[in-house]
Amino acid sequence: MQACYKTIVCVGWSRKSLPSLRSSRFRICAVQAQPETVQKVCDIVRKQLALPPESELTPDTKFSALGADSLDTVEIVMGLEEEFGITVEEDGSQNISTVQEAADLIEKLVQDKTAPS
Amino acid sequence: MGSSRGQRLSGMQKQVLSLYRGFLRAARSKSQEERRNIESVVSQEFRRNAKDVDRKNFLYIEYLLRRGNKQLDQLRNPGTTAISSLQLHFSKTDQAG
């Protein structure tokens with residue numbers, strides 16, 4: 001399970017003013033994907049790129065590092081659309097370069113879809 | 001095609017990917033067997049061009065995009081059920097006459 005926050009900010013009272021949040025590296029994830037989603041995405045990526053079973057695939061592995069070009073990324077996103085019953089907008093798919101990014105976007109789209117309007 | 005965090009794709013690259021996506025979406029509406037055929041033909045065609053065409057050859061790429069979009073429009077027509085492609089191979093041993 002990945003932690004959302006990359007660093008923990010310790011507030012030091014010895015300073016005159018509170019440290020600015022902008023000075024430390026925060027990664028605030030609005031939607032964090034569930035492990036099952038991440039796993040499904042991994043399976044689809046493996047299948048799409050025909051990766052050998054022993055090859056390492058973590059949520060932060062870049063598709064390009066696995067030998068995928070941008071056409072492969074399009075195919076991966078299309079495969080994910082079908083698996084999860086969602087439609088990814090043009091801009092959305094261009095920002096996907098890792099399993100984690102794909103899973104987070106999927107969770108968001110699934111939530112948007114099932115949320116009462 | 002370049003890759004970095006939040007890949008910065010050129011306008012032309014985006015058009016190419018958009019066209020590719022369009023083909024894959026259109027293929028979904030055809031029969032299972034034909035869908036596989038379309039995906040195979042389109043995938044090969046795009047990859048071959050990605051390899052063979054100089055990425056600075058804007059005129060040719062624009063031509064390919066225009067042509068691809070016309071073909072995609074035809075494919076989207078529900079009356080179109082299949083595509084076929086013709087590959088010409090020239091071997092050195094072929095002589096006229």
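Chain B follows the pattern α-α-α along its sequence. It holds 3 helices and 0 strands. The model is predicted. Of the 97 residues in chain B, 30% are buried. Among contacts in chain B with a separation of 6 or more, 62% come from residues 24 or more positions apart.

**Confidence**

The model scores ipTM 0.80 and pTM 0.75. Chain B averages a pLDDT of 86, and 88% of the residues score at least 70. By helix, confidence in chain B is highest in helix H3 (residues 58–76), at 96. The lowest value belongs to helix H2 (residues 32–52) of chain B, at a mean of 94. Residues 1–6 of chain B fall below a pLDDT of 50. Beyond near neighbours in sequence, that stretch has 9 contacts in the model.

**The interface of chain A and chain B**

On chain A, 17 residues are in contact with 17 residues of chain B. The two chains bury about 1,800 Å² between them. Carbon and sulfur atoms account for 48% of that area. Between chain A and chain B the count is 8 salt bridges. The interface also has 13 residue pairs in polar contact, both residues at pLDDT 80 or more.

Which elements of chain A give two or more residues to the side that touches chain B? They are helix H2 (70–84) and helix H3 (90–94) of chain A. H2(A) gives the most, with 8 residues. By residue class, the side of chain A that touches chain B divides into 4 nonpolar, 5 polar and 8 charged.

**A:Asp72 in helix H2 of chain A**

A:Asp72 sits in helix H2 of chain A. Is A:Asp72 buried or exposed? Its relative accessible area is 12%, so A:Asp72 is buried. The side chain of A:Asp72 makes a polar contact of 2.6 Å with the side chain of B:Arg47. Neighbours within four places in sequence aside, A:Asp72 is in contact with A:Gln48, A:Leu49, A:Gly67 and B:Arg47.

**Salt bridges**

Over all chains the count comes to 14 salt bridges. Side chains of opposite charge can pair when their charged atoms come close. Three of the pairs are set out here.

| Pair | Closest N to O | Relative accessible area |
|---|---|---|
| A:Glu81 and B:Arg28 | 3.1 Å | A:Glu81 2%, B:Arg28 28% |
| A:Asp112 and A:Lys108 | 3.2 Å | A:Asp112 48%, A:Lys108 39% |
| B:Glu39 and B:Arg35 | 2.9 Å | B:Glu39 25%, B:Arg35 17% |

Take A:Glu81 and B:Arg28, whose side chains meet in a salt bridge. Why does the pair join two chains? A:Glu81 lies in helix H2 of chain A, whereas B:Arg28 lies in helix H1 (residues 11–28) of chain B, so the bridge joins two chains. A:Glu81 is buried, whereas B:Arg28 is partly exposed.

A:Asp112 and A:Lys108 are both residues of helix H4 (residues 99–114) of chain A. They are 4 residues apart, so about one helical turn separates them. A:Asp112 counts as partly exposed, at 48% relative accessibility. A:Lys108 also counts as partly exposed, at 39%.

The B:Glu39 and B:Arg35 pair belongs to helix H2 of chain B. How far apart in the helix are B:Glu39 and B:Arg35? The two are 4 residues apart, or about one helical turn. B:Glu39 counts as partly exposed. B:Arg35 is buried, because its relative accessible area of 17% is under the 20% cut-off.

Salt bridges that share partners tie several of these residues together. A:Glu81, A:Glu82, B:Arg25, B:Arg28, B:Arg35 and B:Glu39 form one network. Within this network, A:Glu81 is in helix H2 of chain A and B:Arg28 is in helix H1 of chain B, while B:Arg35 and B:Glu39 are in helix H2 of chain B.

How values were computed
Residues are numbered from 1 along each chain as its sequence is written. Chains are lettered from A and ligands numbered from 1 in the order in which they are written. Side-chain values use heavy atoms; hydrogens and water are left out. Contact means heavy atoms within 4.5 Å. Buried area is the accessible area (1.4 Å probe) that two parts lose on being put together, summed over both. A salt bridge is a side-chain nitrogen of Lys or Arg within 4 Å of a carboxyl oxygen of Asp or Glu. A polar contact is a pair of N or O atoms within 3.5 Å; within protein, one must be able to donate a hydrogen and the other to accept it, and residues adjacent in sequence count only if both atoms are side-chain atoms. Ala, Val, Leu, Ile, Met, Phe, Trp, Tyr, Cys and Pro count as nonpolar, Asp, Glu, Lys and Arg as charged, and the others, Gly among them, as polar. pLDDT is the predictor's confidence in each residue, from 0 to 100. Buried means under 20% relative accessible area, exposed over 50%, partly exposed in between (1.4 Å probe, protein chains only).
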